[in-house]
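Subject: Structure handover

Hello,

Here is the structure I said I would pass on. My notes on it follow below.

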Amino acid sequence: MLFAWCVLACVTAADALRVGAGIADVTGPPAEIAFMGYAQLEQIGHGIHLRQFSRAFVIEDNSGDTVKRLVFVSVDAAMMGHGVRKEVIRRLQKRFGVIYNEDNVIISGTHTHSTPGGFLMDFLFDLPILGFVKETYIAYVLGIYKSIVIAHSRLTSARIKYGEAELLDANINRSPKSYLNNPAEERSKYKYDVDKTLSQVRFLATTGEVIGVINWFAVHPTSMNNTNRLVSSDNVGYASLLMEKALNGNNTLPGKGAIVCAFGSTNLGDVSPNTRGPRCERSGRPCDQQEQLCGKKERCFASGPGRDMFDSTRIIATKLFETAMKVLRQPGEDITGTVAVAHQYVKMPDEEVHPFDPVTETFNISVKVKGCLPAMGYSFAAGTTDGPGAFDFKQGTKTSNPLWNAVRDFIAEPTEDDVQCQAPKPILLATGRAKFPYEWQPRVVSCAVARIGSLYLAAVPGEFTTMSGRRLRNIISKTAPRPNRVVIAGLSNIYSDYVATPEEYQVQRYEAASTIYGPHTLDIYLNKYLELTEALLENKTPESGPDPPDLSGQLITLVPPVLWDSAPWRKEFGDCVQQPQSSYSYGDVVVAAFVSGHPRNSVRHGRWYMAVEKLESEIDDAWTVIATDADWETKFTWHRDSKVLGTSHVELEWEIPPGTPPGTYRLHHYGNYKYVLGGIYPYHGFTDSFKVS
C-alpha cells in the first residue's frame with residue numbers, strides 16, 4: 001500500500017512543479033570481478049547479498065518562460081565516472097532531445113565498497129580491477145538510463161519538503177588527529193568531529209502521497225569489510241530497501257515499488273560506520289596506524305557495532321532507516337521557488353585562487369595559491385582503519401623512501417615543482433605525470449550547484465572530509481538568500497579522490513595523502529562553488545570549461561572472459577544437488593545447491609538468480625515469489641568447481657524471517673550457461689518443497 005501523509009496544504013500544490021521518481025537494477029557482474037573501493041586485488045565477487053539499484057529523481061519547473069529541469073540520481077556504486085555519465089546523457093538525448101544534458105544531470109555514487117569495479121576508465125582506479133570491465137560499465141549505463149526514463153514517465157504535480165534530525169551512534173571520525181589540526185576557533189562551533197545530522201528531501205503528490213525521498217547522512221558504506229565477496233549495497237543501500245518496503249508495503253519486492261527512497265553520499269571522507277573504533281586484530285589494543293601501531297603482521301582495523309560485518313550493516317542501516325522515518329513523520333519545511341543548475345568543468349592543476357581563512361570565514365585577496373598535477377602520497381598505501389593497506393606503510397608519513405621512490409620514478413617521475421607543490425605530501429605515485437597506458441587520474445572535474453527554491457545541492461566530484469564539507473556548506477549558505485538549506489552530494493559525475501582541508505593536509509593521513517591536487521584543493525573548490533552559486537543567483541550560465549578527455553578508445557583489460565560452461569557427468573544445468581530439509585522454523589537458514597553456469601553470462605537485471613517461492617494453490621501448482629537475491633534474508637553464492645572443465649555450482653541461502661506465513665515453500669534458481677560451441681542459453685531449477693511453521 002502507499003504510505004501517505006495527509007497535509008492540508010498538499011492539495012494546493014502548484015502545478016508549476018512536477019516530480020518523478022524511478023528505480024532500476026544496475027547490478028554488475030557478480031562473479032570473478034574485483035570490487036571497487038578497498039583496492040584489494042583478492043577481493044573478487046562470488047555472488048550477491050544485496051542487488052544494486054539506481055534511484056532517479058526528475059524535477060521539472062514550468063513557472064518561467066522556459067521549462068527548467070534537474071535530474072538527481074543516487075546509484076549503489078562506489079562512485080561515478082565521467083564515461084558512464086556521458087553515455088547515459090547520450091542515450092537520454094537520443095530519446096528526449098537536449099532537455100537532459102551535462103548541465104542538469106547529477107549522478108552520485110553511494111560509495112559502497114562491495115560492488116564490481118572497472119568502469120571509471122582512469123587507469124589508477126581501474127588498476128585493482130585488472131582494467132576496464134565492459135560488463136560493469138554497461139550494467140551501470142543501462143540501469144541508470146532506465147531509472148531516469150522511468151522517473152521522466154512518472155512526472156506529476158508535486159511539492160517538496162525538507163526535514164532533518166540528529167542521528168547518534170552511527171558514525172565516528174576515522175582520522176581524529178587530522179580533524180584536531182583544524183583551528184580551535186573553527187572546531188568550537190561544532191559539537192562533534194563528524195556531522196550527526198540526517199538531511200531529508202521528500203517529494204509529495206498533490207494528494208499528499210509520498211513520491212520519493214532522498215536522505216543524506218555522512219557515513220562510509222564500509223560496514224562490509226574487505227573480506228566480503230558478495231555484491232552488497234552496504235548500510236545505505238539496505239536502509240533504502242527498508243524504507244521502500246515500509247512505504248510500498250512489506251510484500252513489495254526490492255526495486256518493484258512506486259515509491260523510491262535513496263540514501264545518498266555527502267561529506268563522508270573521514271567518517272566510518274565502524275563505531276567500536278580501530279583495534280589491533282590479535283591483541284585488541286587501540287591503534288591509529290600512525291602513533292599507536294600494532295605488532296608485525298598484525299592489522300589495525302575498526303569494526304562494530306555488530307558481531308560481524310553483516311550484523312554491523314544491519315544495525316547501521318536500521319538506525320538510518322528509523323531516523324529517516326522519524327523525519328518523514330514531521331511536518332517539514334516547504335521548499336518553493338525556481339529550479340536552476342550551474343555546472344562547469346574545471347581543470348584543477350591550472351586553477352589559481354585566493355585561500356580561505358576558516359576563522360574569519362573570508363578569502364585572503366592578498367595571496368594566491370594554486371592546484372597541482374595529481375599525485376598520491378605515501379599514506380594512501382597505508383589504507384584506512386576501515387580497510388588497511390599493504391606492505392609497511394603507515395598513516396602520517398611525511399618523508400619518502402629511496403626504494404619506493406625508485407619504483408615511483410620507473411612509472412613516472414615527479415618534477416621538483418611537483419614535489420614542492422604537493423608538500424608536505426611525499427609523492428608515492430606521480431599520477432599526473434603518468435601517461436602509460438593512458439590517464440591515471442583526472443585533471444578535469446565536474447562541479448555543479450543545483451537550486452530548488454531555498455534548497456542548494458552542491459554536487460562534488462570526490463570525498464570531502466567533515467570539515468571540508470562544513471566549509472563548503474557555509475560558503476554557499478552565506479552567499480545564498482536566507483533562509484536556505486545546503487546539502488552536499490558526494491562522489492558525483494567524476495571521481496577525483498579526497499578533499500581534506502589545508503590544515504588536515506599537513507598531518508598527511510590517508511585522506512590528505514589522497515587529496516590529489518595538493519594542499520589547496522579545498523580552496524579551489526570553495527572559490528569555484530562560490531562562483532557557481534553567484535551565477536545561479538544572477539541567472540547566469542557559467543562557461544562550460546574544458547571537456548574531460550575521452551578515454552574510451554584507449555582502454556585495456558586483463559579480465560578473462562567466460563569461455564564455456566559444462567555440467568558434471570549425468571547432471572544438467574539447474575539440477576539441485578543439495579536439497580533442503582523437509583521443515584523449518586523462524587530463524588532457520590534454508591540451504592540448497594544447484595549445478596550452474598557462470599553468473600557473468602547474464603546479470604539478469606530486473607530478474608534474479610534466486611527466488612523464494614510460496615505455494616498458493618496445490619490444485620493449480622501456483623507459486624508466488626516472496627523474496628529474491630535482492631532481499632536481506634537471502635544469499636546467492638557461486639563456486640567454481642573446475643576451470644578446465646568449466647563446471648560450477650551455486651549455493652542458495654534463505655534465513656527465514658519472523659512473521660513469515662506458515663506454508664509450503666521452495667527455492668528456485670535461474671541462470672544462463674555458455675555452450676562450448678557458442679551461444680548463451682537460459683536454464684532454471686528448483687528444490688523439493690519444504691514446510692515453514
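I will start with one pair of residues: I59 has L70 as its bridge partner in strand β5. Strand β5 covers residues 68-75 and runs antiparallel to β4, with eight bridges joining them. Here two strands count as paired if DSSP finds at least two bridges between them. Strands are DSSP runs (E, at least two residues) and helices are DSSP runs (H or I, at least four), numbered from the N terminus.

Before going further, please note that this is a predicted model, in which local features need pLDDT of at least 70, side-chain atom pairs count only at pLDDT 80 or more, and totals for chains, interfaces and linings use all residues. Residues are numbered from 1 along each chain as its sequence is written, and side-chain values use heavy atoms, with hydrogens and water left out.

Strand β4 and its neighbours

β4 and β5 form a hairpin with six residues between them. Strand β1 (residues 17-25) is also joined to β4, antiparallel and by nine bridges. In that pairing, I23 has R55 of β4 as its bridge partner.

Is β4 enclosed or open? Nine of the nine residues of β4 are buried, so the strand is largely enclosed by the rest of the structure. Buried means under 20% relative accessible area, exposed means over 50%, and partly exposed is in between (1.4 Å probe, protein chains only). F53, R55, F57, I59 and D61 point one way from β4, while S54, A56, V58 and E60 point the other way.

Salt bridges

A salt bridge is counted when a side-chain nitrogen of Lys or Arg is within 4 Å of a carboxyl oxygen of Asp or Glu. By this rule there are 33 salt bridges. One of them joins the side chains of R55 and E244, at 2.7 Å from N to O. R55 lies in strand β4 (residues 53-61) and E244 in helix α6 (residues 234-248), so this pair ties together parts that are 189 residues apart in sequence. Both ends are buried: R55 has a relative accessible area of 2%, and E244 has 6%.

Another salt bridge is between D334 and R159, whose closest N and O atoms are 2.3 Å apart. This pair also links distant parts of the chain, with D334 in strand β15 (residues 333-335) and R159 in strand β7 (residues 156-166), 175 residues apart. D334 is partly exposed at 36% relative accessible area, whereas R159 is buried at 12%.

The side chains of K540 and E538 form a salt bridge as well, at 3.2 Å from N to O. K540 is exposed, with a relative accessible area of 54%, and E538 is partly exposed at 46%. Elsewhere, R18, E60 and R69 are joined into one network by salt bridges that share partners.

Annotated domains

The UniProt record, an unreviewed entry, lists "domain: Neutral/alkaline non-lysosomal ceramidase N-terminal" for residues 18-527. In the model this span is 26% helix and 26% strand, and its end C-alpha atoms lie 32 Å apart. From the same kind of record, "domain: Neutral/alkaline non-lysosomal ceramidase C-terminal" (unreviewed entry) covers residues 530-692. That span is 5% helix and 42% strand, with its end C-alpha atoms 60 Å apart. UniProt positions are given in the numbering used here, feature names are shortened, and annotations may be inferred rather than shown by experiment.

Strands β36 to β38

E653 is found in strand β36 (residues 647-655) and is partly exposed, with a relative accessible area of 22%. Which residues does E653 touch, not counting those up to four places away in sequence? The list is V589, V590, V591, M610, E633, T634 and K635, where contact means heavy atoms within 4.5 Å. The C-alpha atoms of E653 and V589 are separated by 6.4 Å, although the two residues are 64 apart along the chain.

Strand β37 (residues 663-674) pairs with strand β38 (residues 680-686) in the antiparallel sense, over seven bridges. G671 has Y683 as its bridge partner in β38. β37 and β38 form a hairpin with five residues between them, and G678 in the turn has a positive phi of about 110°.

Regards
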